[in-house]
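Look at the sequence and the structure below. The report reads the model chain by chain and element by element.

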Amino acid sequence: MQAFSNAGGGDIVLAIAQRIVENRAYLSDIDGLIGDGDHGVNMAKGFWLAAERLRGEPQSLAASLATLGDVLMTEIGGSMGPLYGMMFSGFAEALDGVEEIDAAAFERMLRHGLEEVQSIGDAKVGDKTLIDAFAPALQAFSATAAKGGDFAAALDALIVAAERGRDSTVDLVAKIGRAARLGERSRGVLDPGATSCAIILRSLAEGAKTKLDASTPHTSPHTSSEAQP
Amino acid sequence: MQRFINDPDFVVDDTVRGFVKAHGDLVKLGENPKVVAYAEAPIRGKVGVVTGGGSGHEPAFIGYVGRNMLDAVAVGEIFSSPTAKSFYDAMKIADGGRGVVCLYGNYAGDNMNVKMAVKLAAKDGLEVLTVVANDDVCSAPPSQREKRRGVAGEILMWKCGAAKAALGGSAKEVQAVAQKAIDNSRSIGVGLGPCTLPAVGHPNFSIAAGTMEVGIGHHGEPGARVEPLKTAAEVGRDMAKAVLDDHDLPAGTEVAVLISGLGATPTNELYMLNDAIEDEVRGRGLRIARTYVGNFFTSLEMVGATLTIMALDKELKELLAVAVACPAPL
């Protein structure tokens with residue numbers, strides 16, 4: 001069974017933060033087309049603050065996700081602070097106490113994060129929000145895992161679906177948030193939230209895949225230690 | 001862009017520091033530096049009245065903290081809702097033991113953060129009632145009033161709610177009168193030029209030369225229509241018509257009129273608008289009890305103005321007359 005250890009997974013969060021900081025200008029530019037043009041600025045500020053808090057002290061994936069969620073919720077504000085704050089806090093809650101993260105644990109993590117986002121926001125698929133990337137990504141991950149695909153294949157499916165979901169927002173009219181006031185004029189451009197969500201999900205999935213690759217020489221992560229005399 | 005800025009990422013912190021230095025007789029900074037409170041807050045035995053919102057609208061929101069006005073304000077980044085924690089900290093600092101009422105504007109971020117802050121406060125045993133302002137007539141049709149944005153009508157809502165609290169009203173009474181104030185208010189904005197978020201560095205929307213955007217929002221949300229720029233008299237009349245057509249007031253009704261610049265419109269132009277606005281209002285048989293003209297709720301350096309008209313009854317008229325001391329020129 002493919003799995004990676006929660007304890008050694010904290011650097012995945014640092015990698016997500018780095019990707020968001022790298023995309024600061026890009027995310028603000030696309031937000032400028034239908035929003036205030038500050039999505040990248042605010043996101044980068046929050047993720048950078050979280051990374052500063054995490055750097056230097058290796059922590060578990062669950063603990064790092066909890067720190068990120070907490071920083072976004074308490075420092076960022078806007079609508080993205082609470083939405084992504086709830087998402088990452090939800091991820092962290094679902095992984096709390098889990099030692100080995102396998103496909104089932106990863107799926108529970110994604111599902112709980114989505115539930116938490118939906119508990120404070122009203123967006124549904126098709127409203128031109130981050131949900132348009134997140135919901136199909138979870139669905140693709142679950143479907144691939146359910147069909148007997150391995151963890152890595154499910155992660156690949158998640159990335160593809162998240163980015164396809166992100167791209168689907170180009171043709172959508174915003175139904176919620178500041179862009180909703182544009183009506184038809186919001187059609188034709190990417191949703192910034194769906195775009196940042198796809199970046200986050202790709203980075204999260206790639207991080208998990210790297211961890212899986214690192215643990216593939218062993219049939220179980222415990223094998224080597226158990227085998228020692 | 002020629003602006004007075006230090007680090008674009010810290011313009012709000014720098015603004016609030018300077019604000020507190022200027023108005024230390026009336027306001028203080030909370031332990032949370034994203035909370036500005038009345039110097040005497042909390043006032044024992046008085047309902048706490050709080051709000052919060054993005055920065056860049058000065059003197060809103062922080063300028064309305066003061067005596068017989070708001071007890072605390074949660075401060076957000078430029079055009080971005082304060083965090084749930086800042087709203088919660090503002091509620092706590094305003095709590096004089098009789099409950100707290102949070103009067104804020106209808107924006108996705110504020111709705112979420114206030115909702116979370118109310119939950120945090122409830123865990124502490126602090127009950128917080130809310131009223132959400134939705135006075136902007138162009139942001140949704142009358143049948144979808146719950147979708148409308150809150151704009152300068154918020155000031156009149158704060159004024160009436162805070163006065164009710166100062167006169168000893170209960171939390172429920174403060175909530176009810178604030179709700180009445182905003183239900184009785186209608187606003188419209190007209191934009192002539194865009195604004196630039198310091199951290200972004202270029203305008204995030206454009207208004208073509210020779211045109212104006214009727215119904216523009218406080219963050220440049222697109223208006224109902226783009227028209228060729230008209231004279232002050234025509235624009236003033238159109239603004240008054242749009243607001244009054246949305247609000248069927250019987251002849252003889254007393255109203256308060258509030259005209260605010262959006263940041264870069266000269267004050268004399270606001271008076272020119274008022275010249276036409278008053279004529280239109282009086283032409284409909286309405287009586288003007290109070291007129292406010294100035295920069296009350298701005299949007300960085302946006303060129304343009306907003307008009308708010310609030311229908312008054314005896315109670316609202318008395319509450320508007322309560323004397324206040326706050327940094328904003330109210």
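What follows covers domains, sheets, helices and contacts.

## Model and domains

This is a predicted model. Chain B is divided into domain 1, residues 10–183, and domain 2, residues 185–312. The C-alpha centres of domain 1 of chain B and domain 2 of chain B lie 23 Å apart.

Contact between the domains of chain B involves 22 residues of domain 1 and 28 residues of domain 2. On the domain 1 side, α4 (153–166) and α5 (171–183) of chain B each supply at least two residues. The largest share of that side comes from α4(B), with three residues. By class, the side of domain 1 of chain B that touches domain 2 of chain B has 14 nonpolar, four polar and four charged residues.

## The sheet β1 to β6 of chain B

Six strands of chain B form an open sheet. The order is β1-β2-β4-β3-β5-β6, and the pairing is mixed. At the edges stand β1 (27–29) and β6 (128–133) of chain B, each paired on one side only. Neighbouring strands of this sheet are turned by 25° against each other on average, direction ignored.

Helix α1 of chain B, residues 11–22, lies across β1, β2, β3 and β4 of chain B. The helix α1(B) runs at about 145° to β4(B).

## Strands β3 and β4 of chain B

How many residues of β4(B) are buried? Seven of the seven are, so β4(B) is largely enclosed by the rest of the structure. On one pairing, strand β2 of chain B (residues 35–38) joins β4(B) through three bridges, and the two run antiparallel. Ala37(B) has Ala72(B) in β4(B) as its bridge partner.

The pairing of β4(B) with strand β3 of chain B (residues 48–55) is parallel and spans five bridges. Two of the facing pairs can be named. Val50(B) stands opposite Ala72(B) in β4(B), and Gly52(B) stands opposite Ala74(B) in β4(B). Ala72(B) thus appears in both pairings: with Ala37(B) and with Val50(B).

Strand β3(B) is mostly covered as well, with eight of its eight residues buried. Three bridges join β3(B) to strand β5 of chain B, residues 100–105, and these strands run parallel. Here Val49(B) stands opposite Val101(B) in β5(B).

## Helix α4 of chain B

Which helix gives the largest share of the domain 1 side that touches domain 2 in chain B? That helix is α4(B). Its 14 residues reach 20 Å from the first C-alpha to the last. That is close to the 20 Å expected at 1.5 Å a residue.

Helix α4(B) is mostly covered: 14 of its 14 residues are buried. Gly168(B) follows α4(B) and has a positive phi, near 100°.

## The sheet β7 to β12 of chain B

A second open sheet of chain B also has six strands. The order is β9-β8-β7-β12-β10-β11, with mixed pairing. Strands β9 (225–228) and β11 (287–294) of chain B stand at the edges with a single partner strand each, so one side of each is left without a neighbour in the sheet. Neighbouring strands of this sheet are turned by 20° against each other on average, direction ignored.

Strand β8 of chain B, residues 211–214, is joined to β9(B) by four bridges, and the pair runs antiparallel. Thr211(B) has Pro228(B) in β9(B) as its bridge partner. Helix α6 of chain B, residues 232–245, packs on the sheet. The helix α6(B) touches β7 (185–193), β8 and β12 (303–312) of chain B. Its direction makes about 145° with that of β7(B).

## Contact between chains A and B

The contact takes 25 residues from chain B and 25 residues from chain A. On the chain B side, the elements that give two or more residues are β4 (72–78), α2 (84–94) and α3 (108–123) of chain B. Helix α3(B) gives the most, with six residues.

What classes make up the side of chain B that touches chain A? Its residues divide into ten nonpolar, ten polar and five charged. The strand β4(B) thus belongs both to the sheet with order β1-β2-β4-β3-β5-β6 and to the elements that touch chain A.

Key. Residues numbered from 1 in each chain as written. Chains lettered and ligands numbered in written order. Predicted model: local features only at pLDDT ≥ 70, side-chain atom pairs only at ≥ 80, totals over all residues. Pairing = 2+ DSSP bridges. Axes fitted to C-alpha atoms, helices over the stretch in contact; angles between N-to-C directions. Contact = placed C-beta atoms within 7 Å. Domains from an automatic or database assignment. Nonpolar A, V, L, I, M, F, W, Y, C, P; charged D, E, K, R; others polar. Expected span 1.5 Å × (residues − 1). Buried ≥ 20, exposed ≤ 12 C-beta atoms within 10 Å, placed from the backbone.
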